[in-house]
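Reader: I would like to learn how to read the overall build of a protein model and then one of its strands. Could you take me through it step by step?

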Amino acid sequence: TSSGKPKDQFHFTYATAEYLEQTSSGSSVGFGFSVELLASRAPRNAVVAYTEPGSPAATNGLLRGAKFLAINGVDVINGEPDMINEGLFSPIDGKSYTFEVLDPGATTPRTFSMTASNVTSTPVQNVRTLPAPHTSVGYLQFNDHIATAELQLIAAVSLLKAANGGAGISDLVLDLRYNGGGYLDIASELAYMIAGRGATTGKAFEKTIYNNKNPFGQSEAGATIPFHSVSQGFSAGYGQSLPQLGLPRVFVLTGSGTCSASEAIINGLNGAGVEVILIGDTTCGKPYGFYPEDNCSVTYFTVQFKGVNALGFGDYADGFIPGGTGTPANQLKGCLVADDFSKPLGDISEARLAAALQYRDSGSCPPKAASAKRSALVAASGLPLKGRSPLRENRFLLPKNRPHR
């Protein structure tokens, strides 16, 4: 890319059964916490980003911002990475793990044990209108474009549309900071529900661009994903009319983990003329996608296309960057703001949400001292931790032109 980053960071393989289970039901072996690596190399800093409702992590009182200190006696900060990677990212079903953590605001660590088991994620959380004086602002935390998200997003938008005695909301804060992608059809549905029919009629949500060999023989119509105005049958019945907010702008909270289908929401809305204001950090930069190929219980994911919006723009391999002017098109209005692990997601005093509200009210950003980039926190010695599954940062096209990204 223009910044010197390799364009292809995305080829991978995955066990087919696990891939299908995670993308259809959101079920995977774990404890129900999502980890944010503030420093992946020693001295490491791994904290809880959020937890799944009703999960072992939630039952044990793990809160956003809790810092992992040890796993089964292995020092997370400076120890060998094998057990740390296993405990944080790929625990073994039925195995017990002992965690030492420092809770947010605490000075004394605590220790507890959990047994790894199947946990089903809740991709849509914290749907609400904000307290006064922001009652006309809706907030929606969206973590994953998996099949179950379709029904949850429809319910979330319906709730916001009915808020304030039926008056609805005038602005939406869409929290995508930890959303790495998934089904592109679901991204299209959400973008339509935000923008509404008037802004999207006759416009493509995304077009897939191939090289001149076009090995899949896609026609222009076949390579176009529309703004879906009806449900696509992932978890809601196929063909249900989708609720519409009809908003001319949206505030999107972003981070380096905002990837692929989440970036497609940003790009697709921009292409339809909806103003997207970014608050947070530069997104991952993945306009590329795959057709998954199964072979002998292994699924192969190989970059095969690029996505562009209705205006033909898709050159964001360096990510969408907050705090620009919209020229070039990947540098959007908004504020560069560091992630704030001292407050719950959806709390109006949490730094990124607070910055969105400040920008909405005054058009100004918090002081730059509050916006140190996450990359500056990453140390430079030792083996890095592996981080979240590659399935959480993807965009695929499935048979019958059903995109998964």
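Author: What follows goes from the whole chain to a single strand and its partners, and the model is a predicted one.

Reader: Where should I begin, and how many helices and strands are there in the secondary structure?

Author: Begin with the inventory, which for this protein comes to eight helices and 25 strands. The C-alpha atoms fill a box of roughly 60 × 55 × 45 Å along the principal axes.

Reader: What does the radius of gyration say about a chain of 405 residues?

Author: The value is read against an expectation: a compact globule with 405 residues would have a radius of gyration near 22 Å, and the protein, at 20 Å, therefore agrees with that. Burial adds to the picture, since 53% of the 405 residues are buried, and among contacts with a separation of 6 or more, 71% are between residues 24 or more positions apart.

Reader: Turning to strand E15, how many of its residues are buried?

Author: Burial here means under 20% relative accessible area, and by that cut-off five of the six residues in E15 (residues 249-254) are buried, leaving the strand mostly covered.

Reader: Which strands pair with E15, and in what sense do they run?

Author: Strand E12 (residues 171-175) runs parallel to E15 and is joined to it by three bridges, while E16 (residues 275-280) also pairs with E15 in the parallel sense, over six bridges. Phe251 of E15 is the bridge partner of Val173, and Phe251 also stands opposite Ile277 in E16.

Reader: How does the chain get from E15 to E16?

Author: The chain crosses through helix H7 (residues 261-271), and this β-α-β crossover is right-handed.

Conventions
Residues numbered from 1 in each chain as written. Predicted model: local features only at pLDDT ≥ 70, side-chain atom pairs only at ≥ 80, totals over all residues. Heavy atoms only, no water. Buried < 20%, exposed > 50% of the residue type's maximum accessible area, 1.4 Å probe, protein only. Helix = DSSP H or I, 4+ residues; strand = E, 2+ residues; numbered from the N terminus. Pairing = 2+ DSSP bridges. Right-handed = clockwise from strand over helix to strand, strands pointing away. Rg over C-alpha atoms; globule rule 2.2 N^0.38 Å. Contact = heavy atoms within 4.5 Å.
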